[in-house]
Amino acid sequence: MKSSSRRTALKTLTGTVLTLPALTNSFASSMSQSEQAAPMLKGRINHAVCRWCYSKISLDDLCKSAKEMGIKGIDLTGPAEWPTLKKYGLTCSMAQGAGKGIPDGFNDPKFHDELVASYEAIFPKMKEAGLTQVICFSGNRRGMSNEQGLENCAVGLKRLMPSAEKYGITMIMELLNSKVDHKDYMCDHSAWGVELCKKVGSENFKLLYDIYHMQIMEGDIIRTIRENNKYFGHYHTGGNPGRNEIDETQELYYPAIMKAIVDTGFKGFVAQEFIPKRDPLTSLKESVAICDV
């Protein structure tokens, strides 16, 4: 979730609009935003985008462009931003606003009381806003064994499951790489995260399978998705190396990965989380097209 410098130039993207041949330009320009047709996406992927990658673009402008591209959700937004998303007919596909950040997570019992209070405070706000998923983190190791961290996380998360179930909220722990971006982070392999899901034992706790991060840590992306998809509640994209555009400049082939996700029957969101090197919104539109299998 780190920030990065990015271009500030903002281009107006023209969405694909389905029109009759006889439709005049003047009539087309008079159509309201809600009346204009969204891009002809296949509808098998629920597309989203992470807010932090476009922080130099106003939220209103990002929402307008996202809507035109057929994107349905904006990831990693908090309660103050949700009304803006709703104004444009979008949802917060992954909420934030609870917890203590990436390093201080559920693997350390000294944070449990504070974490539990924080998440219990946001659950009612999410339900009122019609949202169902919130991000959480394991925390850094700080010399702790993976086995002890697993037990500690399970203890803390189990305290929240009755409340999560009551409000219809799924807590989603993100898998992050500890090699390049998040040194010492504990939930850095899918096997560890899957074992945590089994220990928590609730459908209201799942994993955010970040394809970029897991390519760095373990690779074998498609096999992992096929074998563990029931534990994955959300997906993030990103080009590797560099977390840039997901096109031919990097080593992951996203059409095949997206097809594997679709084949599992997944009905959640796939959010673009790459740092654009070119015009941000053009790159975003191209990435949605790449992932729309």
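Start by selecting helix α2, residues 59–69, together with helix α10, residues 280–291: in this predicted model, their axes come within 10 Å and cross at roughly 30 degrees. Angles under 35 degrees count as roughly parallel, so that's what we call α2 and α10. Turn the view until one helix lies over the other, and you're looking at a right-handed crossing.

Now show the side chains where the two helices meet. On the α2 side, pick Leu-62, Ser-65 and Met-69; on the α10 side, pick Leu-281, Leu-284, Lys-285 and Val-288. What classes of residue make up this contact of α2 with α10? Colour by class and you'll get 5 nonpolar residues, 1 polar and 1 charged.

Next stop: the largest nonpolar core, which has 91 residues. That's a lot to click through, so try the ones that touch the most other members: Tyr-119, Leu-157, Met-171, Met-173, Leu-196, Phe-205 and Met-258. Which helix gives the most to this core? Select α5, residues 146–167, and you have it: this helix puts in 7 residues.

Last, hop over to His-189, in the loop between β5 (170–174) and α6 (190–200). Its relative accessibility is 30%, so His-189 counts as partly exposed. Leaving out residues up to four places away in sequence, His-189 touches Leu-175, Met-214, Met-217 and Glu-218, so add those to your selection. Then pick His-213 and check the distance: His-189 and His-213 sit 24 residues apart in sequence, and 9.1 Å apart in space from C-alpha to C-alpha.

Key. Residues numbered from 1 in each chain as written. Predicted model: local features only at pLDDT ≥ 70, side-chain atom pairs only at ≥ 80, totals over all residues. Heavy atoms only, no water. Axes fitted to C-alpha atoms, helices over the stretch in contact; angles between N-to-C directions. Helix = DSSP H or I, 4+ residues; strand = E, 2+ residues; numbered from the N terminus. Parallel < 35°, antiparallel > 145°, perpendicular 65-115°, else oblique. Left-handed = near helix turned anticlockwise from the far one by under 90°. Contact = heavy atoms within 4.5 Å. Nonpolar A, V, L, I, M, F, W, Y, C, P; charged D, E, K, R; others polar. Core = buried A, V, L, I, M, F, W, Y, C linked by side-chain atoms within 4.5 Å. Buried < 20%, exposed > 50% of the residue type's maximum accessible area, 1.4 Å probe, protein only.
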